[in-house]
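Q: Could you take me through one part of this protein slowly, as if I were looking at a fold for the first time? I'd like to see how that part sits in the rest.

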Amino acid sequence: MNTLNHFDTSQLELLHRGKVRDSYRAPSGERLIVVTDRLSAFDSVLETPVAHKGAVLNGLAAFWFDKTRHIIPNHVISLLDPNVTLAKEAEPIRVEMVVRNYLTGSMLRGYQQGQRTFSGVTVPDGLTKHQQFPEPIVTPTTKEESDREITPENLVAEGWVSAELYEKMRVKSLELFNFASQWMAERGIILVDTKYEFGLLDGELILIDEIHTPDSSRFWSAKDYARNPEAVEQMDKEYVRQWLIANKQDGQYPRALTPEVSAEATRRYLDIYERITGAPLPTGDEATAGGDVQARLVGNLVRAGIMKDA
Ligand SMILES: Nc1ncnc2c1ncn2[C@@H]1O[C@H](COP(=O)(O)OP(=O)(O)OP(=O)(O)O)[C@@H](O)[C@H]1O
Ligand SMILES: [Mg+2]
């Protein structure tokens, strides 16, 4: 298969299957994050994987972890395969540090209903859809069954994080956001919003999970935004979402994409990767082991001493 929908192995302990990533325990105790080609839209995972999406997301996260080392250390040990990151296991802080620079998404919906304070941050009256804030804001949520908007004061009062640690996370989140915003702006992409997750490793604050990927962030094309801010759409997934809406049947979204729609989604992910990193993602036969991504991945894990030959 030239796509990776699931990674299943009985040789490793499965830690967690997310919507997009399958996480395993490596024999060394470290965390193996397999980024699959699954795509989730409208809160459900489509049956059709999108070729190269996993490698694009894993590659982008690796790119950004590397580029932001001077701001904060992170969990990456190495990339074992285009779809796999070996990461240090941290004690996760159960808080999502959401950073936003534009009025959109769930916040826009709240704003249109009159809400002005979000996770303790008050924004001005009179903002229009997709308008930029005077400066980026941090609107944390808890990480639980369903994420909850919460003020920094309550995060501390409820025991999610200490005040001192929260302040560090806030400062680092803004630093990361500003750094990436500038990098992307120089390449015609607006970093609209994103979320960061942090953990503790030997008492030290580090960045974990993923960073500045299309699954953890919104990207807009600066050109589209300049043309018509209110009509601007997410560069990656919006195309798929619009197709799902247009092809609803009996009130249900399709569960699968057509090959054409899936191929167009691939094109968009590859384009984002190349625009951000400056180099195309290798996708030829050599990069995918003749197109069999799963075989390539297992081969790489065997070579790394993490799996035995099946
Ligand atoms: N280095 C790490 N150490 C410990 N935990 C980590 C590390 N990196 C990521 N995690 C945790 O692993 C989990 C990864 O979950 P994943 O993102 O795959 O699915 P999810 O968050 O449950 O759902 P969704 O698919 O909607 O994001 C998160 O809870 C994240 O905090
Ligand atoms: Mg997640």
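Below is a close look at one hairpin and its surroundings.

Q: Which strands form a hairpin with two residues between them, what does the turn look like, and what surrounds ligand 1?

A: Before we zoom in, keep in mind that this is a predicted model. The pair you want is β15 and β16, which make a hairpin with two residues in between. Strand β15 covers residues 189–201 and strand β16 covers residues 204–208. They run antiparallel, and five bridges join them. To get your bearings on screen, find L200, which stands opposite L205 in β16.

Now slide to the turn. D202 sits in the loop between β15 and β16, and its phi is near 50°, a positive value in a residue other than glycine. That's worth a pause, since most residues other than glycine have a negative phi. Is D202 buried or exposed? Residues with 12 or fewer C-beta neighbours within 10 Å count as exposed. D202 has 8 C-beta neighbours inside 10 Å, so it counts as exposed.

There's another loop to set beside this one. D43 lies in the loop between β4 (40–41) and β5 (44–45). Phi of D43 is positive too, near 65°. D43 is exposed, because there are 6 other C-beta atoms within 10 Å of it.

Back to the hairpin, and on to the ligand. Ligand 1 has 17 residues around it, and G18, K19, R21, H75 and I208 come nearest. I208 is a name to link up with the hairpin, as β16 spans residues 204–208. The other hairpin strand takes part as well: β15 and β2 (21–25) each supply at least two residues of the shell around ligand 1. What kinds of residues make up that shell? It divides into five nonpolar, five polar and seven charged residues.

Let's zoom out a step. The protein is divided into domain 1 (13–89 + 253–303) and domain 2 (91–231). By those bounds, the hairpin's β15 (189–201) and β16 (204–208) fall in domain 2. The shell around ligand 1 draws at least three residues from each of the two domains.

How do the domains meet? Their C-alpha centres lie 23 Å apart, and 16 residues of domain 1 are in contact with 22 residues of domain 2. On the domain 1 side, α1 (53–67) and α7 (259–277) are the elements that give two or more residues. The largest share there, five residues, comes from α1. By class, that side of domain 1 has eleven nonpolar, three polar and two charged residues.

Finally, the whole picture. The protein has nine helices and 17 strands. Its radius of gyration is 20 Å, close to the 19 Å that the globule rule gives for 310 residues, so it is as compact as a globular protein of that length. Along its principal axes, the C-alpha trace spans about 60 × 50 × 40 Å. Of the 310 residues, 38% count as buried. And if you take contacts between residues at least 6 apart in sequence, 64% of them join residues at least 24 apart.

Definitions and conventions. Residues numbered from 1 in each chain as written. Chains lettered and ligands numbered in written order. Predicted model: local features only at pLDDT ≥ 70, side-chain atom pairs only at ≥ 80, totals over all residues. Pairing = 2+ DSSP bridges. Helix = DSSP H or I, 4+ residues; strand = E, 2+ residues; numbered from the N terminus. Near = placed C-beta within 6 Å. Nonpolar A, V, L, I, M, F, W, Y, C, P; charged D, E, K, R; others polar. Domains from an automatic or database assignment. Rg over C-alpha atoms; globule rule 2.2 N^0.38 Å. Buried ≥ 20, exposed ≤ 12 C-beta atoms within 10 Å, placed from the backbone. Contact = placed C-beta atoms within 7 Å.
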